[in-house]
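I opened this model to look up its chains and a handful of residues. The entries below are kept in the order in which I made them.

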Amino acid sequence: MTSWSGRSAFAGALADPDGPVPAGILRGSSEAAQSRFAVYRNNVASGLVGALASRFPVTAAIVGDAFFRAMASRFVDGCKPTSPLLMTWGDEFPAFMETLPAAAALAYLADVARLEVAVSAAYHAAEAPPLPVPALAGIEAAALAEARLVAHPAARLLRSPHPVGSIWSAHQPGGSPADVAFRAETVLVTRPGAEIRLSLLTPAEAAFAAALLASKPLGEAAALGVAADGCFDFGQSLVAAVAGGAFTAITLKGPDP
Amino acid sequence: MTATVSLPPRSGLGLKPEHCRAILAETPDVGFFEVHAENYMGAGGPPHRWLTAIRERYPLSIHGVGLSIGGGAPLDRDHLARLRRLVDRYEPESFSEHLAWSTHDGVFLNDLLPLPYTDATLADVVRHIDQVQEALGRRMLLENPSSYLALEESAWPETDFLGEIAARTGCGLLLDVNNVMVSAVNLGYDPVLYLERFPMRHVGEIHLAGYDETADADGARLLIDSHASRVRPDVWGLYGHALRLTGPVATLVEWDNDVPPLSELLAEAAVVDRKLCEASARRVA
């Protein structure tokens, strides 16, 4: 039971730029109808590509507008949004980039795009006051090993064999590509207030932060840090992670997750 | 439904993130701001911080672009629930949506697509608007679309179709004067006659915007509703005519692409306010 039998043909023709226009269009010649229907086709295609461009601005800046549009159009063909909430659409776009031979020369591109997914998720994440660093001071040393931190809703950790955090920062206002050294990076994304913050972590800090974000006890997280680097400084790394706004609370005892 | 609040009969501007800081610092003399609902459906973050601060200082219109009220399928209940939360949070003076569809077979197409005006599509739209007004607990405004082609099946003139929807649902109408010009040129009718026939007593807000101009394959003028420039002179003229029919009514300048500096938007808003003043003076005289 449908109120307009032509709707499916209309929708189908939107997705097929080389196909005929749907029947029932009144206005001029068939060529005119084609050119008028093309406005809707173009609106749909450019609207969705534009939504990706606004969610992946650094990726778009790296590859240039034409390449980005071509890549995004192919993604749109296979992965249309199912909700009007476009701010959460496109999480699979980075993995799609890795399947494109044309993008293979830019090995870091998909991970930069993954960082943009993390940044946009952090941007829209729920508000929560970050745990203040002085809150750590009141905890007895004996209780610290069993304590756990509660992750802030905006906190995200991304590991990459590429310098994704440096590349992202180089594309922000005032950044410069000359600042990028080609090495692996682990990036902690936080948004303690209104601003996004990126912190680059050493391998030991990354192991530590990943464990804390996964609600492991501080003692276990510290052991992972030490295993990664014998010189790991537990106290300094804990203060840095908390000061960065990655956590909202500390719980002294709790069941294993 | 709860008591009706409404936007002031003043100029309004679409709120753009890049202008928020300046708006809060300078609190320019603008009647209201309008936002697209879908841009404020995240849990938190800068968009809500800005909007909360601006809402404390200005009347607010929330304008949806994703409900697909003209679609054949039932409305997306999750989306309706998100709208409800947004409307509850900001208590805007106005909520509006479009006479168009944007979702089909579960896919969101991110465009405002045309429907034929028939008894059957009328029934769909009326049911959907009843559902929206019920879910939001308030009256909504429905906007006339911009059209690039006409559909053979249409049996109702657009103006009568909108009037019938308003009569059956109690909703108000958002008269987009740029859309009237775009559709009139594209479909070959007289925009003034369209206005004369428009059910003006239901109009709660007017939209203005810039269009782009091209030609179809037969060389006929084809206007594109691009929201990427100043309001065109012929649309200002048509707006003047609309105001003679409506009296002063809240009027938004939409400029969503190639967004200019705030000062340029404020200059457009000042033109609106001058015309609204003239309309008030006429009313008194």
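What follows is my notes on conventions, each chain as a whole, and then single residues.

**Conventions.** I am working from a predicted model, in which local features need pLDDT of at least 70 and side-chain atom pairs count only at pLDDT 80 or more, while totals for chains, interfaces and linings use all residues. Residues are numbered from 1 along each chain as its sequence is written, chains are lettered from A and ligands numbered from 1 in the order in which they are written, and side-chain values use heavy atoms, with hydrogens and water left out.

**Chain A, overall.** I looked up the secondary structure and found 11 helices and six strands in chain A. Helices here are DSSP runs of H or I with at least four residues, strands are runs of E with at least two, and both are numbered from the N terminus. I then checked the radius of gyration, taken over C-alpha atoms and set against a globule rule of 2.2 Å times the number of residues to the power 0.38. Chain A has 24 Å, whereas a compact globule of 257 residues would have a value near 18 Å. The C-alpha trace of chain A spans about 85 × 50 × 30 Å along its principal axes.

For burial I used relative accessible area: buried is under 20%, exposed is over 50%, and partly exposed is in between, with a 1.4 Å probe and protein chains only. On that scale 44% of the 257 residues in chain A are buried. I noted an exposed area of about 11,900 Å² for chain A, 60% of it supplied by carbon and sulfur atoms. These areas come from the Shrake-Rupley method with a 1.4 Å probe, and for residues only the protein chains shown count as cover.

Contact means heavy atoms within 4.5 Å. Of the contacts in chain A between residues at least 6 apart in sequence, 67% join residues at least 24 apart.

For charges, Lys and Arg count as positive and Asp and Glu as negative, with His and the chain ends not counted. Each charge is placed at NZ of Lys, CZ of Arg, CG of Asp or CD of Glu. Chain A has 17 positive and 21 negative charges, and their mean positions are 9 Å apart.

**Chain B, overall.** I counted nine helices and 13 strands in chain B. Does its radius of gyration agree or disagree with the globule rule? It agrees, because chain B has 18 Å and a compact globule with 285 residues would have a value near 19 Å. The C-alpha atoms of chain B fill a box of roughly 50 × 40 × 40 Å along the principal axes.

Buried residues are 60% of the 285 in chain B. The accessible surface of chain B is about 10,900 Å², with 50% belonging to carbon and sulfur atoms. Among contacts between residues at least 6 apart in sequence, 78% in chain B join residues at least 24 apart. Chain B carries 25 positive and 41 negative side chains, and the centres of these two sets lie 8 Å apart.

**Cysteines.** How many disulfides does a search of the whole structure find? It finds zero over all chains, a disulfide being a pair of cysteine sulfur atoms within 2.5 Å. I looked up two cysteines: A:C79 is partly exposed at 22% relative accessibility, and B:C277 is exposed at 55%.

**A:T59.** This residue lies in helix 3 (residues 57–63) of chain A. A:T59 counts as buried because its relative accessible area is 0%. Beyond neighbours within four places in sequence, its contacts include A:F68, A:M71, A:M97 and A:E116.

**A:H124.** I found A:H124 in helix 6 (residues 109–124) of chain A. Is A:H124 buried or exposed? It counts as buried, at 18% relative accessibility. Leaving aside neighbours within four places in sequence, A:H124 is in contact with A:M87 and A:R191 and also with B:G42, B:A43, B:G44 and B:P47.

**A:L157 and helix 9.** A:L157 is in strand 3 (residues 156–160) of chain A and is partly exposed at 26%. Its contacts outside four places in sequence include A:A206 and A:A209. Both of these are among the buried residues of helix 9 (residues 203–213). After helix 9 comes A:S215, with a positive phi near 65 degrees.

**B:R168.** This residue is in helix 5 (residues 158–169) of chain B and is partly exposed at 47%. Not counting residues up to four places away in sequence, B:R168 touches B:L122 and B:V126. B:R168 and B:A123 are 45 residues apart in sequence, with their C-alpha atoms 9.8 Å apart.
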